[in-house]
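Here are a few notes from my pass through this one, set out as numbered points. Have the coordinates open while you read.

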Amino acid sequence: MDADRRLRLWAVVVDVARGGTVAVDHVCAAAVSVAGVDSAAVAVLLDATPRELVYATDRTASELEDLTLTLGEGPCVDATTGGPALVADLTVPECRNRWPVFAPAAVLTGAGAVFALPLRVGGIRLGVLDLYRARAGDLRAEQLADALVLADTACGCCWTTRRATGRTGTTSGPRGAGLHYPRVHQATGMIMVQLGVSAAVALIRSRGAYGPSRRATGGTTDGRGD
């Protein structure tokens with residue numbers, strides 16, 4: 001990445017933060033502005049649960065993050081274990097085959113395209129920056145380059161907060177982590193204790209209890225609500 005691009009984008013983030021301490025929410029707002037998307041969100045990976053939302057720019061992004069947590073599939077899951085997952089059109093057969101529940105549910109929620117960028121420090125996987133757009137279509141090369149730089153910035157915010165908390169394990173998270181999915185945490189914890197299984201296995205069991213059309217955080221994946 002060239003230094004001029006980083007300087008330009010840092011100026012955008014600082015402007016969004018209005019001179020205050022730069023945080024994940026400012027990076028998400030900047031990403032929406034420069035990448036030509038409609039919504040953005042940052043989720044982190046924790047020991048207590050496989051995924052935790054830190055910040056979402058609007059209700060659509062929050063609902064799409066709920067879908068990802070509930071279903072355990074989609075580009076935002078793939079990006080946490082691999083490289084960037086860039087999906088220009090969620091309605092194409094390839095997407096329906098790869099993510100048979102998430103893809104149609106995400107379209108109903110209002111997403112036509114998803115661009116998920118992993119947050120990493122060396123070999124440590126911290127989370128993912130998810131960008132959502134209502135219409136289908138690729139990011140332009142310049143938009144993708146800007147988004148990758150902002151993913152690095154979001155990663156820096158998450159990493160700085162982790163270090164500031166003085167915690168060394170992956171249970172620590174940035175500001176706001178642990179506040180978005182209380183029902184999921186409660187159910188996962190109960191299953192962990194009752195069955196003596198890991199958090200990941202407990203979450204999978206809870207997904208089975210909800211069923212494919214029911215969100216773990218409430219409402220349904222077909223958009224009909226409670």
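1. Let's begin with Arg59, which makes a salt bridge to Glu63 with the closest N and O atoms 3.0 Å apart. Keep in mind that this is a predicted model. Both residues sit in helix α3 (residues 59-71), and because they are four residues apart there, about one helical turn separates them. On accessibility, Arg59 counts as exposed at 66%, while Glu63 is partly exposed at 22%.

2. Next, the wider set of charged contacts. Salt bridges with shared partners tie Asp2, Arg5, Arg8, Glu142 and Asp146 into one network. The structure has seven salt bridges. As a general reminder, side chains of opposite charge can pair when their charged atoms come close.

3. Within that network I'd look hard at Arg5. Its salt bridge with Asp146 has the closest N and O atoms 2.6 Å apart. That pair connects distant parts of the chain, with Asp146 in helix α7 (residues 141-165) and Arg5 in helix α1 (residues 3-16), 141 residues apart. Arg5 also forms a salt bridge with Asp2, where the closest N and O atoms are 3.7 Å apart; the cut-off is 4 Å, so this contact counts.

4. How buried or exposed are these partners? Arg5 is buried, at 11% relative accessible area. Asp146 is buried as well, with a relative accessibility of 6%. Asp2, at 39%, counts as partly exposed. Buried means under 20% here, so the values for Arg5 and Asp146 both qualify.

5. Now over to the strands. Strand β4 (residues 113-121) is mostly covered, with seven of its nine residues buried. On one pairing, β4 runs antiparallel to strand β3 (residues 85-87), and three bridges join the two. If you want a landmark for that pairing, use Val87, which stands opposite Val114 in β4.

6. β4 also pairs with strand β5 (residues 124-133): nine bridges join them, and the two run antiparallel. Here the landmark is Ala113, which stands opposite Arg133 in β5.

7. Last, the turn. What lies between β4 and β5? The two strands form a hairpin with two residues between them. Gly122 is in that turn and has a positive phi of about 60°, so please give its backbone a look when you go through the model.

Technical notes: Residues numbered from 1 in each chain as written. Predicted model: local features only at pLDDT ≥ 70, side-chain atom pairs only at ≥ 80, totals over all residues. Heavy atoms only, no water. Salt bridge = Lys/Arg side-chain N within 4 Å of Asp/Glu carboxyl O. Buried < 20%, exposed > 50% of the residue type's maximum accessible area, 1.4 Å probe, protein only. Pairing = 2+ DSSP bridges.
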